[in-house]
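Here's a friendly walk through the structure shown below. Take a look at it first, then read on.

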2 protein chains.
Amino acid sequence: MDISRIKKPTLLLNENRARKNISFMAGKAREAGISFRPHFKTHQSAIVGEWFRDEQVGQITVSSVTMCRYFMEKGWKDITIAFPANPAEIDDINAIAEKINLNILVSDFEQLSAFAWKISADVGVYVKIDTGYRRSGIDWNRYGDLLRIADLINEVKYLRMAGFLTHSGHTYNARSKEEVLSIYNDTRSKMLHTRDILPISDTKLSIGDTPSCSLVTDFNGIDEIRPGNFVFYDLTQSRIGSCTTDDIAVAVACPVVSVNHHHNEVVLYGGAVHLSKEYLTEDDGTKTFGKVVSLSNDGWTVDSIIGSVRSVSQEHGVVTLANNSEIKLKPGNIVAVITVHSCLTTDLLRCFTTLEGEVITDFCGK
Amino acid sequence: MDISRIKKPTLLLNENRARKNISFMAGKAREAGISFRPHFKTHQSAIVGEWFRDEQVGQITVSSVTMCRYFMEKGWKDITIAFPANPAEIDDINAIAEKINLNILVSDFEQLSAFAWKISADVGVYVKIDTGYRRSGIDWNRYGDLLRIADLINEVKYLRMAGFLTHSGHTYNARSKEEVLSIYNDTRSKMLHTRDILPISDTKLSIGDTPSCSLVTDFNGIDEIRPGNFVFYDLTQSRIGSCTTDDIAVAVACPVVSVNHHHNEVVLYGGAVHLSKEYLTEDDGTKTFGKVVSLSNDGWTVDSIIGSVRSVSQEHGVVTLANNSEIKLKPGNIVAVITVHSCLTTDLLRCFTTLEGEVITDFCGK
């Protein structure tokens, strides 16, 4: 990669690291004897998808019908749409289910009732269980609600109960491995309890969050993991402890466009439409929208943090320089920003440049 | 518009309101006898740009070289790039300056030095002044720094001093017209003071923030306004008082995919990749990522707020329903979300559907 050719914010991808992350997670699932159904919403790219196939991955997860159709057209034949099935898209769901093994998600009885009898091809149905994240799904201990749903699934010819699916997104607020494991153990025991107490057969248990999937070693009782973010990881995951900063596989190359010595700051061409407005709160209460590190033709280095992106507007990223940094930035320099949330950055830029200089533009539409 | 055809998050545009907003601001500038150079970063669309031409607008502002080239190719011949000129894009700037009247922005001496002698076609140079927002630019009272910059501009054949440009983005934190006016008056007096004290000729004064441009009536001393967001406005602007909710010209149509009666919530297909992660903090400390209102074929109504988007993940928007709302949402319903920041939502969705059902896909690249 020739960084002197970078003129504007460019999403860089370290292919070796991404492949290593994929290999790590696939190996972990294999060793545990559980299914690995990675979530493709993080990369949204057919080319990166091929790197999973190289690790014998055949089953995937997506977060929209649009994404499902895209990956189906790229040859994927076993897909779970891990988002509440949208009554407005039932025709599309039927068309996909005619062609591939499709699982959909139910998160409440009314939703299921709204489309159950309109399904005209075989689909597996996962029931979304809320073990504490409080985003969507049935609270794990509302057994009556779960039974009603299971009964309706049972009644409809084309629906087949696939299992219970949860996403313990509250691990994203954890700050240590111990905290992640504690949330995971709580989630697992609730899932197992609910499965064991209910007279519903064939209920597989599927979990998804990258922190748990990265840090847990005992998957006893769990049938499937669906992590997505781990393929690239990011600043959030490294702060949780799911990865080290050396595992992070993407960064945004940004030109330095202005320096302000009086305020010890620089301005980057790289703002909310490149990095997103996702932030982390530092111990001193300040926000950071990314960490600035140095970049060469060989890639970025995380050895020394040059500064923190303290604010972003549409195209501007304002960086507070680290007091101890020996690197003196000048307008015209190109730096790398390790982003807070790699899924959102990828969705914004929709194009990767690998460290070998390959440009990957084959992306899912929105 | 037939809302029964909406299957996924769709950016709706009320053309009449946008045209009314354009007409209002153009008329205001005309009455004040000042230049109107609207910022096109909010809409990024050639079609919406034509609505400005219908109001005799001939000069525009953009936030990137890419955007400048896009609008130049759509026939715009007088453009200011209101973002610090990027030393990595000087060849592109020269190519554009060969063809149209171009103004660029300088925000520090080092930046100017990095490219000044590489400019090979006439460009106007605005010097970015910081009157308190603290994003970029020279502090208004660093006269020595300003003189050094003016001297170098003067020295280089192709550069011409255009004036002082500021963006009082701190008006976005205001909560009343009085607060906005107070910030504006402070900005104006600093700008006038600096211009008057320095022996630099031909310095026009250009201001940009939508709150000031919407609420100020006395533009005495100001030569140009460059607001952008006002074309659509949004929840942030209505909270500041720059507009009423009836002036907001865009909303995102979102399918309801799940209901949770136990928690008084619904889940929308509409998350961070549609609404952005921009939020407002409510008086009780909670965050809101958008307000949910009802939608019919005639458009959305702001008469009653159905609920607030309390959290967003990639595709999910979780809505806390208002206790006093009489509208009972069901999976399959389509609602409208009034977004916190219309510029970011537009950048994410890059396609408008007007209330007449016209689909506008002619958008600037990134």
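## How the two chains relate

Turn chain A by 180 degrees, with 0.0 Å of shift along the axis, and it superposes on chain B with an RMSD of 0.0 Å (a least-squares fit on the C-alpha atoms of residues with pLDDT of at least 70 in both copies). That is the relation of a two-fold axis. Within chain A, Lys277(A) has the C-alpha nearest the axis, 2.8 Å from it. Both copies use the same surface, as 100% of chain A's contact residues recur in chain B; two residues count as in contact if their C-beta atoms, placed from the backbone, lie within 7 Å.

A quick word on what you're looking at: this is a predicted model, where local features need pLDDT of at least 70 and side-chain atom pairs count only at pLDDT 80 or more, while totals for chains, interfaces and linings use all residues. Residues are numbered from 1 along each chain as its sequence is written, and chains are lettered from A and ligands numbered from 1 in the order in which they are written.

## Where the chains touch

How many residues does the contact take from each chain? It takes 48 residues from chain A and 48 residues from chain B. Several elements of chain A each supply at least two residues to its side, among them strand 4 (78-84), helix 5 (109-115), strand 12 (265-269) and helix 11 (342-349). Helices (H or I, at least four residues) and strands (E, at least two) are DSSP runs, numbered from the N terminus.

The biggest giver on that side is strand 11 of chain A, with five residues. By class, the side of chain A that touches chain B has 17 nonpolar, 17 polar and 14 charged residues. Here Ala, Val, Leu, Ile, Met, Phe, Trp, Tyr, Cys and Pro count as nonpolar, Asp, Glu, Lys and Arg as charged, and the others, Gly among them, as polar.

## Chain A as a whole

Chain A has 11 helices and 21 strands. Its C-alpha trace spans about 70 × 40 × 35 Å along the principal axes. The radius of gyration of chain A is 22 Å, which agrees with the value near 21 Å for a compact globule of 366 residues (taken over C-alpha atoms; the globule rule is 2.2 Å times the number of residues to the power 0.38).

Of the 366 residues in chain A, 56% are buried. A residue is buried if 20 or more other C-beta atoms lie within 10 Å of its own, exposed if 12 or fewer, and partly exposed in between, with C-beta atoms placed from the backbone. Take the contacts in chain A between residues at least 6 apart in sequence, and 65% of them join residues at least 24 apart.

## Two domains

Chain A is divided into domain 1 (3-11 + 244-360) and domain 2 (15-232), with bounds from an automatic or database domain assignment. Their centres, taken over C-alpha atoms, are 32 Å apart. Where they meet, the contact takes 12 residues from domain 1 and 13 residues from domain 2.

On the domain 1 side, helix 11 and strand 20 (352-354) of chain A are the elements that give two or more residues. Helix 11 gives the most, with four residues. That side has seven nonpolar, three polar and two charged residues.

## Inside the core

The largest nonpolar core has 231 residues, and Val335(A), Ala336(A), Val335(B) and Ala336(B) have the most contacts inside it. Such a core is a set of buried Ala, Val, Leu, Ile, Met, Phe, Trp, Tyr and Cys residues joined through C-beta atoms within 7 Å. Not counting residues up to four places away in sequence, Ala336(A) touches several partners, including Leu12(A), Val252(A), Leu295(A) and Trp300(A).

Over in chain B, helix 3 (residues 65-73) has Val65(B), Met67(B), Cys68(B), Tyr70(B) and Phe71(B) buried. Helix 2 (46-53) and helix 4 (90-97) of chain B are among the elements covering them. After helix 3 of chain B comes Gly75(B), with a positive phi near 100 degrees.

## Loops worth a look

Is Ser276(A) buried or exposed? Ser276(A) is buried, with 29 other C-beta atoms within 10 Å. It sits in the loop between helix 10 and strand 13 (280-281) of chain A, and has a positive phi of about 75 degrees although it is not a glycine.

Asn264(B), also not a glycine, has a positive phi of about 60 degrees. Asn264(B) is partly exposed, with 13 other C-beta atoms within 10 Å.
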